[in-house]
Number of protein chains: 2
Amino acid sequence: MATMPTTHDGSYDGARDAAQGGTRHRTHDVSGDAPVPDLSTVWLRVFLEVARHGSFTVAARTLGWTQSAVSRQVSALEAALGGARLFDRLPRGVRLTEAGRVLVPHAEAVAQSLHGAARELAALREVAGGRLRFGAFATADAALVPWALAAFRARHPGVRVTREEGLTPALLDRLTAGHLDLAVVSTTRPAPLEAYELHHLLDEPLYVAVPAGHPLAGHPRPVALGRLAGADWISGSPRPEGTLLDAVLRQGFRPRITHVVAEWTAKQGYVAAGLGVTLVPALAATSVRPDITLLRLRDEDAPARGVYAATVRGRSLSPAAQAFIGVLREAAVSAVPAATTASAAPVVPG
Amino acid sequence: MATMPTTHDGSYDGARDAAQGGTRHRTHDVSGDAPVPDLSTVWLRVFLEVARHGSFTVAARTLGWTQSAVSRQVSALEAALGGARLFDRLPRGVRLTEAGRVLVPHAEAVAQSLHGAARELAALREVAGGRLRFGAFATADAALVPWALAAFRARHPGVRVTREEGLTPALLDRLTAGHLDLAVVSTTRPAPLEAYELHHLLDEPLYVAVPAGHPLAGHPRPVALGRLAGADWISGSPRPEGTLLDAVLRQGFRPRITHVVAEWTAKQGYVAAGLGVTLVPALAATSVRPDITLLRLRDEDAPARGVYAATVRGRSLSPAAQAFIGVLREAAVSAVPAATTASAAPVVPG
DNA sequence: GCGATCGATGCGACAAGCGAATGTCTAGCA
DNA sequence: TGCTAGACATTCGCTTGTCGCATCGATCGC
């Protein structure tokens, strides 16, 4: 498996403090010399079973073993525990000694811990427990994530889900730092994301948002992007690189950015006022104000960006994360069908 | 706790799990299915150590193992836990997965239970914990047990001691029933006690209590028991068998019992009033009222009774019980030196 | 690029643990 | 009192598991 560490401090975040035990050395203890003996959990079943039945033979029968195995297991346990007899051997069975009586609750505690661990791990495996920490960018949060989240919570109510918002780069940083298990990100060029495992969700076309009265607003067919080369563009950043306009750059012309507006609602206002045009991802198409028209672009030069569920490469995916990727994919095809099939423009009639 | 009487009567109130056959393979488990507890405690140390250090190699160094052993232990653990990865293998070490993070507290709970068990067993072994339930007959409680009990409590303050009073037969019944760990009993003929392990404490001579004005009260030397053959005797039971007078029977004459008085203080009153004589064990010699004289009997026919710490034969003695027998022996030689050395009569001058 | 680091794995050896059979002890019974 | 049945302990082969050693593959820092 290929791995990609980038940031690995050699420790794990949660358990260091919980371990509380940089000072717990087993080599020599002060009083009692409690050596935490090397025991198999087999002894636990055997011990409790024998204690319950008061007989090696009966315990062996219920365990599916032979009597000699039980006898030796108990002997080994007694030897490992410092030689203290745990059972009095009687002619008609065995009987707990004081030491054995003392051991019973501890053995039961161990069994309970083991049982709880197995149960919790099983819950984790069946996506009935554990936690899922994910992040998503804004437009995904508008049209994709809610549906996926609803389906996930309905299907796996036991999973504790926490969500974050942020731009793709910030989410990836959170992912690398280990604060997120999964991030819904978008990119027009997957190259710089090679450090992450990208689970493809959908490729969403980018539409051009124009004011309702724009000359191209009534155009019956997808328009060529070049026809907008001379338009004023509104972007979230003064430089097109790294933004949605990155896709435009690869179409051969450098857009003239006249206004820098980051917030999505505000950006719509600028477009509606005729101050310029901007690119709108398909996921945001349903939340466009009515006095704006979205133009579909010609397939051959239509910019698109991919939406991915990103995880850290080499870091194991929890079953919950895998399941969440599944529902994200479902949401991608059901909530945004326009992204997969071409239809006539405009997408949303002004 | 249960299983007191004749060994296995049923079950102790405890965990009700187990009863799982095979099917521990990594097939799809239903949630809540019985766990797979076939693990060694070795994995526990390995897992926590690896989790703490974030490295197989470092964990191996601290454990005194090789890296390959740690690697395979972790792999075995992961396989035993259903195949879920517990660590992400990174180029610079390992990192807990979600499953591993879930497992940490359970593993620590197991370690804590094991540690607590070892500590409590060590305390038991060093007579620093546990319980001791003993019983004693009345005169032993007057002169022997208090000293032993004081020494024991001072030496082993951690042991929870419970005491019962009763006659020898009742104490032995309690012992057999499992309600006592040890019983201080007395007998003139140890034959019927063969079912028990008798730890000899002392042989106490029996004195004859006579009123201060009795003709033999001023006798300078031990008297022959036969000189009291014609006396009126006071006994705790209408028949001498099974009582202190049992010893007299073996001296050849059957005492004439004129008064039956069980309680010791009352019996003294009868003797002081000149209504008869009675036998007084040495342990009670110090608590005789001043108007009574105790006569030492000639060695050759002096009745004596043995005082023993009785335990159930074949039932293991707890270290606390063994220690208590020790202090009982110490108390026997220090508190009742008269029992071991012959001295001039009377024991207690009237 | 090259050495260093870290985990995984094949191999040989050793120890642990199992089943089957046998031994020992005791209670119950005639 | 002798016999039988039941229960735990022990011995004997054999399987299984686990460790150390050596090596491989992958990756990072210089």
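Biologist: What makes R174(A) count as partly exposed?

Modeller: Happy to start there, with the reminder that this is a predicted model. The relative accessibility of R174(A) is 32%. Partly exposed covers the range between the buried limit of 20% and the exposed limit of 50%, so R174(A) belongs in that class.

Biologist: Why is the pair E164(A) and R174(A) called a salt bridge?

Modeller: The closest N and O atoms of E164(A) and R174(A) are 2.5 Å apart. A side-chain nitrogen of Arg has to be within 4 Å of a carboxyl oxygen of Glu, so the pair qualifies. In general, side chains of opposite charge can pair when their charged atoms come close.

Biologist: What do E164(A) and R174(A) tie together?

Modeller: E164(A) sits in strand β4 (residues 160–165) of chain A and R174(A) in helix α8 of chain A, so the salt bridge ties together parts ten residues apart in sequence. E164(A) is partly exposed too, at a relative accessible area of 23%.

Biologist: How do you know that D181(A) and R133(A) link distant parts of the chain?

Modeller: This salt bridge has its closest N and O atoms 2.7 Å apart. D181(A) is in the loop between α8 (168–176) and β5 (182–187) of chain A, while R133(A) is in strand β3 (residues 131–136) of chain A, and the two are 48 residues apart. Both D181(A) and R133(A) are buried. Over all chains, the structure holds 26 salt bridges, and one network of them links E78(A), R85(A) and R89(A).

Biologist: What makes E78(B) count as buried?

Modeller: Its relative accessibility is 3%, and buried means under 20%, so E78(B) meets the condition. The side chain of E78(B) meets that of R89(B) in a salt bridge, at 2.8 Å from N to O. E78(B) lies in helix α3 of chain B and R89(B) in strand β1 (residues 87–90) of chain B, so this pair ties together parts eleven residues apart in sequence.

Biologist: On to the DNA. Which residues are closest to DNA strand C?

Modeller: R89(B) appears again here, with R72(A), F56(B), T57(B) and S71(B), as the closest of the 19 residues surrounding DNA strand C. Of the DNA strand C atoms that come within 4 Å of the protein, sugar and phosphate account for 61%. The surface residues divide into six nonpolar, nine polar and four charged.

Biologist: How do you know that T66(A) has a polar contact with a phosphate oxygen of DNA strand C?

Modeller: A polar side-chain atom of T66(A) lies 2.7 Å from that oxygen, and the limit is 3.5 Å, so the pair counts as a polar contact. Base nitrogens of DNA strand C are involved as well: one lies 3.2 Å from a polar side-chain atom of R72(A), and S68(A) has a polar side-chain atom 3.5 Å from a base nitrogen. Among the elements giving two or more residues to this surface are α4 (67–80) of chain A and α2 (56–63) of chain B.

Biologist: Last one: why is L171(B) called buried?

Modeller: L171(B) has 1% relative accessibility and the limit is under 20%, so L171(B) is buried. L171(B) lies in helix α7 (residues 168–177) of chain B, and the residues it touches include F137(B), L180(B), A183(B) and V185(B). The C-alpha atoms of L171(B) and A183(B) are separated by 6.2 Å, although these residues are twelve apart along the chain.

Methods: Residues are numbered from 1 along each chain as its sequence is written. Chains are lettered from A and ligands numbered from 1 in the order in which they are written. This is a predicted model: local features need pLDDT of at least 70, side-chain atom pairs count only at pLDDT 80 or more; totals for chains, interfaces and linings use all residues. Side-chain values use heavy atoms; hydrogens and water are left out. A residue is near a molecule or strand if one of its heavy atoms lies within 4 Å of it. A polar contact is a pair of N or O atoms within 3.5 Å; within protein, one must be able to donate a hydrogen and the other to accept it, and residues adjacent in sequence count only if both atoms are side-chain atoms. Helices (H or I, at least four residues) and strands (E, at least two) are DSSP runs, numbered from the N terminus. Ala, Val, Leu, Ile, Met, Phe, Trp, Tyr, Cys and Pro count as nonpolar, Asp, Glu, Lys and Arg as charged, and the others, Gly among them, as polar. Buried means under 20% relative accessible area, exposed over 50%, partly exposed in between (1.4 Å probe, protein chains only). Contact means heavy atoms within 4.5 Å. Lists of a residue's contacts leave out its neighbours within four places in sequence.
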